[in-house]
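Me: I would like to learn how to read a few features in a protein model. Could we go through them slowly, one at a time?

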Amino acid sequence: MGKRITKDMLIGDILQVNENMAGLLMASGMHCVTCGAAAMETLEEAAMVHGIEADVIEARINAFLEAWEAEEAAKA
């Protein structure tokens with residue numbers, strides 16, 4: 001797997017990893033991804049504010065990235 005997301009990463013950095021990150025975070029209940037302040041929060045901090053388990057969202061994001069990368073590799 002290429003880039004691994006960790007709960008100590010900033011939301012702003014996570015959004016740069018893959019074009020689908022904003023949608024994935026929003027679908028997980030983090031509707032603040034477009035807020036400027038959210039860019040400076042870690043995934044763990046944002047998850048806590050929204051009452052979401054950081055480990056769960058971290059695993060969900062990494063599972064998505066792994067599947068996405070496998071799909072992209074199959075196209076090549």
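Me: With which residue does Lys 75 form a salt bridge, and how far apart are the closest N and O atoms?

Reply: Please keep in mind that this is a predicted model. A salt bridge is recognised by a side-chain nitrogen of Lys or Arg within 4 Å of a carboxyl oxygen of Asp or Glu. Here the partner of Lys 75 is Glu 72, with 3.2 Å between the closest N and O atoms, and both residues belong to helix α4, where they are three residues apart, about one turn of the helix.

Me: How many salt bridges does the structure hold?

Reply: There are two, and one of them joins the side chains of Asp 55 and Lys 7 at 2.7 Å, N to O. Because Asp 55 lies in helix α4 and Lys 7 in the segment before α1, this pair ties together parts that are 48 residues apart in sequence.

Me: Is Ser 28 buried or exposed?

Reply: A residue is called buried when its relative accessible area is under 20%. Ser 28 has 11% relative accessibility, so it counts as buried. This residue sits in the loop between α2 and α3, and its side chain makes a polar contact of 3.2 Å with the side chain of Arg 60.

Me: What does the side chain of Asn 18 reach?

Reply: It reaches the backbone nitrogen of Asn 20, at 2.7 Å. Asn 18 is placed in the loop between α1 and α2, and with a relative accessible area of 5% it is buried. Leaving out residues up to four places away in sequence, Asn 18 touches Phe 64, Leu 65 and Trp 68.

Terms used. Residues are numbered from 1 along each chain as its sequence is written. This is a predicted model: local features need pLDDT of at least 70, side-chain atom pairs count only at pLDDT 80 or more; totals for chains, interfaces and linings use all residues. Side-chain values use heavy atoms; hydrogens and water are left out. Helices (H or I, at least four residues) and strands (E, at least two) are DSSP runs, numbered from the N terminus. Buried means under 20% relative accessible area, exposed over 50%, partly exposed in between (1.4 Å probe, protein chains only). A polar contact is a pair of N or O atoms within 3.5 Å; within protein, one must be able to donate a hydrogen and the other to accept it, and residues adjacent in sequence count only if both atoms are side-chain atoms. Contact means heavy atoms within 4.5 Å.
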